[in-house]
Amino acid sequence: MDNHNAVPFVDLLTPHLKLEGEFVEVFRKTLKTGRFIGGPMVEGFEADFAQYCDTRYCVGVGSGTDALRFALIASGINKGDIVLTVPNTFIATTEAITQAGALPDFIDIDEDSYNMDINKLREYLKAQCEIDAKSGHTIHRKSKRRVSAIVPVHLYGQMADMDAILDIAETHKLLVIEDACQAHGAEYYSQKENCWKKAGSMGNAAAFSFYAGKNLGAFGEGGAVTTNDEVVAQKVGMLRDHGQAKKYFHDIEGYNGRLDAIQAGILQIKLRQLTGWNESRRKHADSYNNLLGSVESIILPKASVSTRSVYHLYVVRLKNRDGLLKYFSENNIGAGLHYPVPLHLQKAYLGLGYKEGDFPVSEQVAKVILSLPMHPHLTSGQQEFVAKTFMTYVNPS
Ligand SMILES: *Cc1c(COP(=O)(O)O)cnc(C)c1O
């Protein structure tokens with residue numbers, strides 16, 4: 001991608017060239033068997049990824065967006081329901097909610113974790129909703145719609161506060177669909193269960209993306225739903241394949257949303273490296289923390305003791321973010337903004353009627369965040385160069 005940079009934002013060459021022989025074997029096997037769709041390579045990866053996530057089931061699909069949409073539909077979201085998520089995520093989260101027939105509504109974030117603020121979730125349910133005495137459903141007072149699910153996003157590789165979210169979900173009869181698209185292998189210490197839990201194993205179902213730049217990326221598009229619920233797994237299996245459990249017998253209308261056999265084969269090989277790659281990302285995050293710790297005008301990522309982040313992104317905050325972004329670019333350092341405009345202020349959602357000021361933390365944070373280069377194969381020299389460039393910008397002598 002931008003490997004001509006002194007410090008590329010992501011590196012999609014180094015990790016792959018090292019595994020070239022194994023990847024070529026996947027192509028050769030596919031060429032010789034003609035099993036392009038489904039088959040043992042897809043099933044093998046699904047079994048491995050379910051084991052990696054500590055879930056009973058994994059169903060490979062075409063993308064993370066497919067995974068979210070199918071997980072929501074399969075879990076039983078009804079047309080017109082409200083599904084709660086955060087404004088500071090990739091638009092795929094809300095696209096999936098809308099495409100599942102529901103209406104997204106937002107809960108602002110906690111400024112330390114960048115994830116859903118549990119107090120604001122409680123506040124929303126208390127101030128804007130009531131529990132229907134007969135059904136026990138949570139009803140949004142003004143619109144009379146049922147609030148039926150929460151989609152917590154484990155942003156930047158750090159899991160949301162799942163114990164609290166699951167507690168709230170239980171009392172309000174809400175489904176929980178984890179958006180784990182940035183959190184392959186992330187962990188959360190559950191006080192309730194007294195053990196570490198993997199991303200994708202805590203909600204009713206979870207969505208993963210294997211878009212090339214994610215911690216586990218395909219050679220193109222891919223995604224997966226993980227769940228412990230057999231019915232949900234079966235339904236996702238049908239949704240990805242035109243609603244058929246048996247060829248040409250369509251129980252429901254579905255989608256064309258399968259994971260290609262070649263991608264599954266590639267992913268199976270890369271999955272074996274994921275623990276090591278995530279470990280490297282953590283080390284690089286520690287190095288950035290040390291290198292940048294003395295800079296007063298920036299806020300570094302805050303690692304909560306109850307989570308183990310997999311640092312999909314390493315995001316700092318500083319006032320003149322746009323200036324630094326430009327200065328980085330002049331010095332051939334790749335950097336990014338995740339994300340510059342919160343979803344409630346996107347043009348696509350003008351019709352939902354939100355305005356500036358509705359979700360102040362998301363809005364403030366969006367103006368000052370900056371994602372530094374982060375991938376498993378960063379070198380200490382590259383990190384030092386990023387830090388030096390950063391300091392020169394902040395404290396020009
Ligand atoms: C990447 C991503 C998605 C969408 O995944 P695709 O595979 O690109 O469809 C959804 N949510 C979040 C938070 C993501 O980062």
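Me: What makes a set of residues a nonpolar core?

Reply: A nonpolar core is a set of buried Ala, Val, Leu, Ile, Met, Phe, Trp, Tyr and Cys residues joined through side-chain atoms within 4.5 Å. Buried means under 20% relative accessible area, exposed over 50%, and partly exposed in between, with a 1.4 Å probe and protein chains only. The structure is a predicted model, in which local features need pLDDT of at least 70 and side-chain atom pairs count only at pLDDT 80 or more, while totals for chains, interfaces and linings use all residues. Residues are numbered from 1 along each chain as its sequence is written, and side-chain values use heavy atoms, without hydrogens and water.

Me: Which residues have the most contacts inside the largest nonpolar core?

Reply: They are Phe-45, Phe-49, Leu-121 and Phe-210, in a core of 67 residues. Helix 9 (residues 261–292) gives the largest share, eight residues; helices (H or I, at least four residues) and strands (E, at least two) are DSSP runs, numbered from the N terminus.

Me: Why is this core said to lie between domain 1 and domain 2?

Reply: Domain 1 (14–269) and domain 2 (275–394) both give residues to the core, so it lies between them. The domain bounds come from an automatic or database domain assignment. The C-alpha centres of the two domains lie 24 Å apart, and their contact takes 42 residues from domain 1 and 35 residues from domain 2. Contact means heavy atoms within 4.5 Å.

Me: What makes the approach of Ser-209 to the ligand a polar contact?

Reply: A polar contact is a pair of N or O atoms within 3.5 Å; within protein, one must be able to donate a hydrogen and the other to accept it, and residues adjacent in sequence count only if both atoms are side-chain atoms. A polar side-chain atom of Ser-209 lies 2.6 Å from a ligand oxygen, so the pair is within that limit. Ligand oxygen atoms also lie 2.7 Å from a polar backbone atom of Gly-64 and 2.9 Å from a side-chain N or O atom of Gln-182.

Me: How do you know that Asp-229 caps helix 8?

Reply: A side-chain oxygen of Asp-229 lies 2.9 Å from the backbone nitrogen of Val-231, at the N-terminal end of the helix. In helix 8 (residues 230–239), the buried residues are Val-232, Ala-233, Val-236, Met-238 and Leu-239. These buried residues pack against elements including strand 1 (57–61) and helix 4 (64–75).
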